[in-house]
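My notebook is open and I have a structure to look through. I'll jot down what I look up as I go.

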2 protein chains.
Amino acid sequence: MHTTDDTIIALSTPPGMGAIAVIRLSGPEAFSLTEGLFIPPKKGVKVSAAEGYTIHFGKLQQDNELIDEVLVSVFRKPNSYTGEDVVEISCHGSEYIQQRIIEAFLEKGARLADAGEFTMRAFLNGKFDLAQAEAVADLIASQSKASHDLALEQMRGGYSQKIGQLREQLLNFTSLIELELDFSEEDVEFADRTELFKLLRTLKSEMKSLIDSFQVGNVLKKGIPVAIIGRPNVGKSTLLNAILNEERAIVSEIPGTTRDLIEDTIIIEGVSFRFIDTAGLREGGDKIEEIGIERTREKIKQAKIILYICDISECTLDSVDDVLSEFREYIHDKSKRFILIGNKIDKLVETPHKFRDLVELETIFVSAKRKQGIKQITDSLLKSVKTNTVQDQVIVSNIRHLNALKNALKSITEVESGLQQNIPTDLLSIDIRQALYHLGSITGAISTDEILGNIFSRFCIGK
Amino acid sequence: MHTTDDTIIALSTPPGMGAIAVIRLSGPEAFSLTEGLFIPPKKGVKVSAAEGYTIHFGKLQQDNELIDEVLVSVFRKPNSYTGEDVVEISCHGSEYIQQRIIEAFLEKGARLADAGEFTMRAFLNGKFDLAQAEAVADLIASQSKASHDLALEQMRGGYSQKIGQLREQLLNFTSLIELELDFSEEDVEFADRTELFKLLRTLKSEMKSLIDSFQVGNVLKKGIPVAIIGRPNVGKSTLLNAILNEERAIVSEIPGTTRDLIEDTIIIEGVSFRFIDTAGLREGGDKIEEIGIERTREKIKQAKIILYICDISECTLDSVDDVLSEFREYIHDKSKRFILIGNKIDKLVETPHKFRDLVELETIFVSAKRKQGIKQITDSLLKSVKTNTVQDQVIVSNIRHLNALKNALKSITEVESGLQQNIPTDLLSIDIRQALYHLGSITGAISTDEILGNIFSRFCIGK
């Protein structure tokens, strides 16, 4: 087990004022430092002698000055989040008290925890592997059901298991190859070449499908990018507001939780959709002309779904044809969806039947102003994702993992072509080890301080 | 004991994303509701059978869908914050998870807690009195050592004790008077009138001193109001920034805690100073002329400390004399301090000795631009408060208590004059009861739903 010689402290609850706040300590001195500041009502009660998973009420005071009345939760190693001795102090949630308590412990000799340091210690103590540790940060950041489920599945080890299986197959392959290496002078072939090729093909195909899953994983995690485009005054901002309001009303509001973060992201049935560069669209109406066609094309490139808005009361078949030719490449791009939104139906006397028949695009007629047809749009957005994908398959959502998998695949491809060219086994084995290294770096079977530093610095403090 | 038939739930940690969040449940169904969603790793482990002050790890799931892995803390009535059965759920701090967990419990039949409802239940269950309950809200809101100490002392009952003593003395008085009432037909005087007058004088004097303490209590709680005034371009905003920066640098920054709230309040050695209407001063420089002398006087009226800034490089003795005559009433007001700040000493060749000798005001020479002399100003601000006042005496800091004390004093004064005029004892007793009522309303010995509603609605949710 990894041992650390210092005790770290941090605020673990969100910053700011609340009813209560929780400050977490972890390390060899967690109990003794707490005893130096914590006075339970009954003398002789000692934190260091307390059973794990018990809570103790008392006063927290420094130099005989009362800071607060607190609850102290005791977790004894190895049965704690970090695997070390852990104390959680639940205090009144004033910022002054939070700060005073942390300062009192720092003065006693605790050290302010780095971002993610508690989770890093948990990883170093074998509480979970690296992919699971990373999932903790994703879980905390997740705002939609899809990203939450993804992170939870990864945190609980489903993802690591899959990577472990790949690595095991590769290790089998290696042992066969390396056995051959030992006897290389005798020019025997222990490993059946056909079997080897088959194994490599399976490995490659599984890696590829994991790499491909990043497309899904990334949008589930970050939200599906949607571009709303169209000529000036067709009602783009009214439409966006109508969509946002419709969905916000569905999300039940819980007092005390802020919904500011969703901004231009809406969550429909657990999947989030991210509107690209909508801020610009909203302030002062339309900017298409100012920012130029180049900016618009840039937005469209990033998008998975393109909503092209036109004013149906002014739009002619000719102008629709213009759209068709202007955006032909995106309309025919299988990786995108292009939806034509005919806005301002409130200005028409009858529904535009004819128009609908002639246009080969997916078309939705709405009145953004009267909030008609909005539900059809959100339903249509949802069609872009199979929401059950998360439960059914292992999905890569982390760019570090994606790169590791790409590197591993590259090495495996080298092995394959080396095998085809009958290059010496000892050279093959270099590439195999590379592949093993990359796969191992995902779960942390192989890790360096640099990798760890990079990963955990992106955590929030106190986790 | 007060009984409630519903179980309330709320997020108790600050809103937003953090490493962890704590959700609190209180009421008769706290355990059974938790059992409906919480799955401990060992089957048969039951929250309802768990000992108080113990923590339990497990999965929280709704309709077989995992929401999070959580820690559940169990507190059994009456040994909990509210005096009821309480469960605290410590979950990963994503807003999505916080919301999902609360929604799952609401669906099971819990009710979202009103602001301060946990503390109100604690009060109704006799966990503490009303003044102590109010102190909890003050404690959470306190940002300086002085306001923190004040709230903590009140929360721990020191203040209630004092009010209790007053009430007891008054009750003694009442029993003497009412005994007389019983025998009124016999025209005897059981109560020695001299003794009665003496008791009334003591009561009045103690009430008066409590009422007077509000002056101190209020500034300790809200910060001492400081006005920075002066003619245009003398460097008021530069000076304010210099003061703010100097002190902000002293406050040690703990990552993850926000200091945005202090804005134009600085905390020097635990005491906060609040700059009045400085926002107006800062944006676009000086507005004295625009807002007119009336606004300035208004600001000065609210202030306890007035910093009058002049540009020493342009300021003549005559202009100082103008100040002396213009602000004479405030300079001689014993309840205020008027400090003359001679700014821009960097523009002078020698220190203005002569100037200092002639001016009868407290004068500090500074260069706001070069940050010279700022420490002298903050030291001088500190002189306005005895920081040890909080420990030494009982201080009123709550305007509801102030009003109750004023009303009680009024009734007592009525009693006194009634006694002097020899009015019938039964009439006297009406005023005595009024006084008792008002004193009782402070600690909640007497309370109505309306009073409680008013008090607790000002709490934050989750407390």
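Here are my entries, starting with the ground rules and then going from one chain to the interface and the salt bridges.

**Ground rules**

I'm working with a predicted model, where local features need pLDDT of at least 70, side-chain atom pairs count only at pLDDT 80 or more, and totals for chains, interfaces and linings use all residues. Residues are numbered from 1 along each chain as its sequence is written, chains are lettered from A and ligands numbered from 1 in the order in which they are written, and side-chain values use heavy atoms, with hydrogens and water left out.

**Chain A**

I looked up the elements of chain A and found 18 helices and 13 strands. Both are DSSP runs numbered from the N terminus: helices are H or I with at least four residues, strands are E with at least two.

Next I checked burial: 54% of the 463 residues in chain A are buried. Buried means under 20% relative accessible area, exposed means over 50%, and partly exposed is in between (1.4 Å probe, protein chains only).

I then picked Ser12(A), which sits in the loop between strand 1 (8-11) and strand 2 (20-26) of chain A. Buried or exposed, I wondered, is Ser12(A)? Ser12(A) counts as buried, because its relative accessibility is 0%. Leaving aside neighbours within four places in sequence, its contacts (heavy atoms within 4.5 Å) include Val22(A) and Gly462(A), and also Gly18(B), Ala19(B) and Ile20(B) from chain B.

For contrast I tried Ile399(A), in helix 16 (residues 399-420) of chain A. Ile399(A) has a relative accessible area of 51%, so it is exposed. Its C-alpha atom is 8.1 Å from that of Phe214(A), although the two are 185 residues apart along the chain.

**Where the chains meet**

How many residues of chain B are in contact with chain A? I got 66 residues of chain B, touching 66 residues of chain A. Together the two chains bury about 5500 Å², 64% of it on carbon and sulfur atoms. Buried area here is the accessible area (1.4 Å probe) that two parts lose on being put together, summed over both. In chain B, Ile20(B), Ile55(B) and Tyr96(B) lose the most area to chain A, together 11% of what that side buries.

I also found four salt bridges across this interface. A salt bridge is a side-chain nitrogen of Lys or Arg within 4 Å of a carboxyl oxygen of Asp or Glu. I noted a salt bridge between Glu65(A) and Lys145(B), at 2.5 Å from N to O.

**Salt bridges elsewhere**

Over all chains I count 34 salt bridges. One of them joins Arg121(B) and Asp6(B) at 2.6 Å, N to O. Arg121(B) is in helix 3 (residues 117-124) of chain B and Asp6(B) in the segment before strand 1 (8-11) of chain B, so this pair ties together parts 115 residues apart in sequence. Arg121(B) counts as buried, at 3% relative accessibility, while Asp6(B) is partly exposed, at 23%.

I also looked at Glu88(B) and Arg24(B), whose closest N and O atoms are 3.1 Å apart in a salt bridge. Glu88(B) is in strand 6 of chain B and Arg24(B) in strand 2 of chain B, 64 residues apart, so I wrote them down as a link between distant parts of the chain. Both Glu88(B) and Arg24(B) are buried.
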